[in-house]
Amino acid sequence: MANVYNWQLGRDMNYRFDPAAPTWQFAAVFNTNRCLACQTCTMACKSTWTFSEGQEDMWWNNVETKPYGGYPRHWDVKTLDLLEQANPGGQTWSEDAGGPEAPYGSYEGSTIFDAGRSVGQHALGYTPTDEEWASPNIHEDSPVSQGALAKGVTLPVHETWFFYLQRLCNHCSYPACLSACPRNAIYKREEDGIVLIDQERCRGYRKCVEQCPYKKPMYRADSRTSEKCIGCFPRVEGSDPLTEGLPMETRCMAVCPGQIRLQGLVSMEADGSWTHDPDNPLYYLIREEQMALPLYPQFGTSPNVYYFPPRWVPRPYLRQMFGPGADRAIEAYVRPSRRAQAVLQLFRVSQSIIFSFEVIDGEKVNEINVNGKTMEIFNDTVIGYGRDGQEIVRVTVIEPQFERPDQFLNTI
Ligand code: SF4
Ligand code: SF4
């Protein structure tokens, strides 16, 4: 058992292995405020990786309607309940947020690793039933306070609410699936932090299914092995011919019509901390602006998919799901800084991974009032650069409009 530092918790914690930081870490930011629940991401993943016989109930990417939906059903409520049973009333955070070491404060409760030790496991978990895996999109669009629609739509918080939560493997920094495996069949890649299951070593004991709190490893009965999201690693490596060697975003990210997803790689230090890199769009949104937050950081796995919380949802629910940074994250999102306004334009404008960005000042085009405060809007230009510093995209804050000449109105 090793002592490791988890910056999302602002404290040390127990983990089975010593930290082995990758050079780069796969990471993504999702904007829950914009998701359409069109499931294009879900189907893109399905048609790429899990279309075979034996994988029928396997959805590495899914989009569920919160608070009632879940794949598998009740995955988060069940794990929260297990933590509560192990440490009644103890899952609290201190208020002393500050600095890159503890941006959200310090978590004083039990992680799944802390709680697992008391029952002789590497992490606390449970194995979902077949029935819980059978309905990936159950309770779609079911709101809280159903029937109170007429009075429920005033910001800042709607009385009637639901939202879409996009989920895939978080390629965690301290993966519970990896620490759970008695065969040491799960590993985290040095070059990009993607977590994979070695199909040759796996014997289908399903300890990863039990101990991943996000329930992202899935058992396949016909091969008797567990499988999980592979982070589209051939694309991230740059092996896809489409981008001629440039690292490329995953299938689920690249297809998103809602333009809610931005995925890339963040640079890591040898001690597992993030390299200070405010020109990387992911680093900027997650660490500088703190606009995007980890999903259930209290579980302790240090997940690497981050979310802009939905701004109309009651804050206690969001604090439970995204930690105590939820209020600040919403404030940063609803009235973004000038630089953030530019970076937000980078979502889904390129299939190539954007490693850094630059903002060129443009003219002021508007001034609006947001929650009693003034927000200025500038038509700045943001340039996204690839791994080797080459320009791969250039967009403006105000989307240009083009009018088709009359002679092309009917091209039949
Ligand atoms: S493709 Fe994008 S908008 Fe559609 S469900 Fe997935 S994340 Fe949401
Ligand atoms: S989300 Fe689950 S399966 Fe993915 S790396 Fe984390 S613990 Fe492992």
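The questions and answers below walk through a predicted model, taking its sheet, its domains, its ligands and one residue in turn.

Student: In what order do the four strands of the open sheet stand?

Tutor: The pairing in this open sheet is mixed, and strands in a sheet pair through backbone hydrogen bonds, either parallel or antiparallel. Read across the sheet, the order of its four strands is S10-S3-S12-S11.

Student: Which strands stand at the edges, and why is one side of each left without a neighbour?

Tutor: A strand at the edge of this sheet has a single partner strand, so one side of it is left without a neighbour in the sheet. The strands placed in this way are S10, residues 261-267, and S11, residues 293-294.

Student: Which residue of S12 is the bridge partner of Phe 30?

Tutor: Strand S3 covers residues 24-31 and strand S12 covers residues 305-308, and the two run parallel, joined by four bridges. Within S12, the bridge partner of Phe 30 is Tyr 307.

Student: Which helix packs on the sheet, and what angle does its direction make with that of S10?

Tutor: The helix that packs on the sheet is H9, residues 281-288, which touches S3, S10 and S12. Its direction and that of S10 make an angle of about 90°.

Student: Which elements give two or more residues to the side of domain 1 that touches domain 2?

Tutor: The domain assignment gives domain 1 as 2-341 and domain 2 as 343-396, and their centres, taken over C-alpha atoms, are separated by 26 Å. The contact takes 27 residues from domain 1 and 22 residues from domain 2. On the side of domain 1, the elements that give two or more residues are S10, H9 and helix H12 (338-343).

Student: How many charged residues are there in the shell around ligand 1, and how many in the shell around ligand 2?

Tutor: Around ligand 1 there are 14 residues, with Cys 35, Cys 38, Cys 41, Cys 256 and Gly 258 coming nearest, and the shell divides into nine nonpolar, four polar and one charged. Around ligand 2 there are also 14 residues, the closest being Cys 169, Cys 172, Pro 175, Cys 177 and Cys 212. That second shell has nine nonpolar and three polar residues, and its charged residues number two.

Student: Is Asn 3 buried or exposed?

Tutor: Asn 3 lies in strand S1, residues 2-6, and, leaving aside its neighbours within four places in sequence, Asn 3 is in contact with Asp 12 and Asn 14. A residue counts as exposed if 12 or fewer other C-beta atoms lie within 10 Å of its own. Because Asn 3 has 10 such atoms within 10 Å, Asn 3 is exposed.

How values were computed. Residues numbered from 1 in each chain as written. Chains lettered and ligands numbered in written order. Predicted model: local features only at pLDDT ≥ 70, side-chain atom pairs only at ≥ 80, totals over all residues. Near = placed C-beta within 6 Å. Nonpolar A, V, L, I, M, F, W, Y, C, P; charged D, E, K, R; others polar. Pairing = 2+ DSSP bridges. Contact = placed C-beta atoms within 7 Å. Axes fitted to C-alpha atoms, helices over the stretch in contact; angles between N-to-C directions. Domains from an automatic or database assignment. Buried ≥ 20, exposed ≤ 12 C-beta atoms within 10 Å, placed from the backbone.
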